[in-house]
Amino acid sequence: VQLQASGGGLVQPGGSLRLSCVASGSIFSSNAMGWFRQAPGKERDFVATISWTGGSTYYADSVKGRFTISRDNAKYTVFLQMNNLKPEDTAVYYCAATTLFHFREDVYDYWGQGTQVTVSS
């Protein structure tokens, strides 16, 4: 497994979760990382991306101000801190790697297996 996502679960509205994604060194090095999500019956959507250095980030409007993407290059790990979660955030969350800093799904070369996030009371 080259990308391993974890940290999903069941949380009440307004709660928080922190997702992690550990990558192999060959994938993580020099690559931007992103998070995407797919809700039941819907297409996979962009959530956030972070550049290789961590100096640039970009978010979907739906999560801006609530989610924070970060990375620890020494541990080959990217994180997604999700605060003030809403029922509409319920989805399978995927991490992915790309040589480009971009929000388009088709530029991502490597994908993790996904972790389920359910926001419900």
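A residue is called buried when its relative accessible area is under 20%, exposed when that value is over 50%, and partly exposed in between. The exercises below apply this to a predicted model.

**Exercise 1. Decide whether D89 is buried or exposed, and find which residues it touches.**

Solution. Begin with the position of the residue: D89 lies in the loop between β8 and β9. Next, take its relative accessibility, which is 0%, so that D89 counts as buried. Finally, list its contacts, leaving out residues up to four places away in sequence: D89 touches R37, R66, F67, N84, V117 and V119.

**Exercise 2. Determine which side chain meets that of D89 in a salt bridge, and where in the chain the two partners are placed.**

Solution. As background, side chains of opposite charge can pair when their charged atoms come close. The cut-off to apply here is a side-chain nitrogen of Lys or Arg within 4 Å of a carboxyl oxygen of Asp or Glu. The side chains of D89 and R37 satisfy it, since they meet in a salt bridge with an N to O distance of 2.9 Å. This pair links distant parts of the chain, with D89 in the loop between β8 and β9 and R37 in strand β4 (residues 32-38), 52 residues apart. As for cover, R37 has 12% relative accessibility and therefore counts as buried, and D89, at 0%, is buried as well.

**Exercise 3. State how many salt bridges a search of the whole structure finds, and describe the pairs E105 with R44 and D61 with K64.**

Solution. The search of the whole structure finds five salt bridges. One of them is made by the side chains of E105 and R44, which meet at 2.9 Å, N to O. This pair, too, links distant parts of the chain: E105 is in the loop between β9 and β10, R44 is in strand β5 (residues 44-50), and their positions lie 61 residues apart in the numbering. E105 is partly exposed because its relative accessibility is 31%, and R44, with a relative accessible area of 24%, is partly exposed too. Another salt bridge is formed by D61 with K64, whose closest N and O atoms are 3.0 Å apart. Here D61 counts as exposed, because its relative accessibility is 65%, while K64 is partly exposed, with a relative accessible area of 48%. To complete the picture, salt bridges that share partners join R37, R66 and D89 into one network.

**Exercise 4. Work out the order of the strands in the open sheet of four strands, and find which strands stand at its edges.**

Solution. The order in this open sheet is β1-β3-β8-β7, and the pairing is antiparallel. β1 (3-6) and β7 (67-72) each have a single partner strand, so they stand at the edges, and one side of each is left without a neighbour in the sheet. From one strand to the next, the twist averages 15 degrees.

Now follow the pairing around β8. Six bridges join β3 to β8, and β7 pairs with strand β8 (residues 77-82) over six bridges as well, again in the antiparallel sense. Particular residues can be traced across these pairings: L80 in β8 is the bridge partner of L19, and I69 also stands opposite L80, whereas S70 stands opposite F79. β7 and β8 form a hairpin with four residues between them, and in its turn Y76 has a positive phi of about 50 degrees. As to cover, β8 is mostly covered, for five of its six residues are buried.

**Exercise 5. Locate S20, and compile its contacts beyond its neighbours within four places in sequence.**

Solution. S20 is placed in strand β3 (residues 17-23). Its relative accessibility is 18%, and therefore S20 counts as buried. With those neighbours left aside, S20 is in contact with Q4, A5, S6, W35, T77, V78 and F79.

**Exercise 6. Identify which residues make a nonpolar surface patch of about 300 Å², and place F101 in the chain.**

Solution. The patch is made by Y58, F101 and F103. F101 is found in the loop between β9 (91-98) and β10 (110-111), and because its relative accessibility is 37%, F101 counts as partly exposed.

Conventions: Residues are numbered from 1 along each chain as its sequence is written. This is a predicted model: local features need pLDDT of at least 70, side-chain atom pairs count only at pLDDT 80 or more; totals for chains, interfaces and linings use all residues. Side-chain values use heavy atoms; hydrogens and water are left out. Patches are made of residues with over 30% relative accessible area and no salt bridge: like charges are joined within 9 Å, nonpolar side chains (Val, Leu, Ile, Met, Phe, Trp, Tyr) within 5 Å. Accessible areas come from the Shrake-Rupley method with a 1.4 Å probe; for residues, only the protein chains shown count as cover. Helices (H or I, at least four residues) and strands (E, at least two) are DSSP runs, numbered from the N terminus. Buried means under 20% relative accessible area, exposed over 50%, partly exposed in between (1.4 Å probe, protein chains only). Contact means heavy atoms within 4.5 Å. Two strands pair if DSSP finds at least two bridges between them. Axes are lines fitted to C-alpha atoms, for helices over the stretch in contact, and angles run from 0 to 180 degrees between N-to-C directions.
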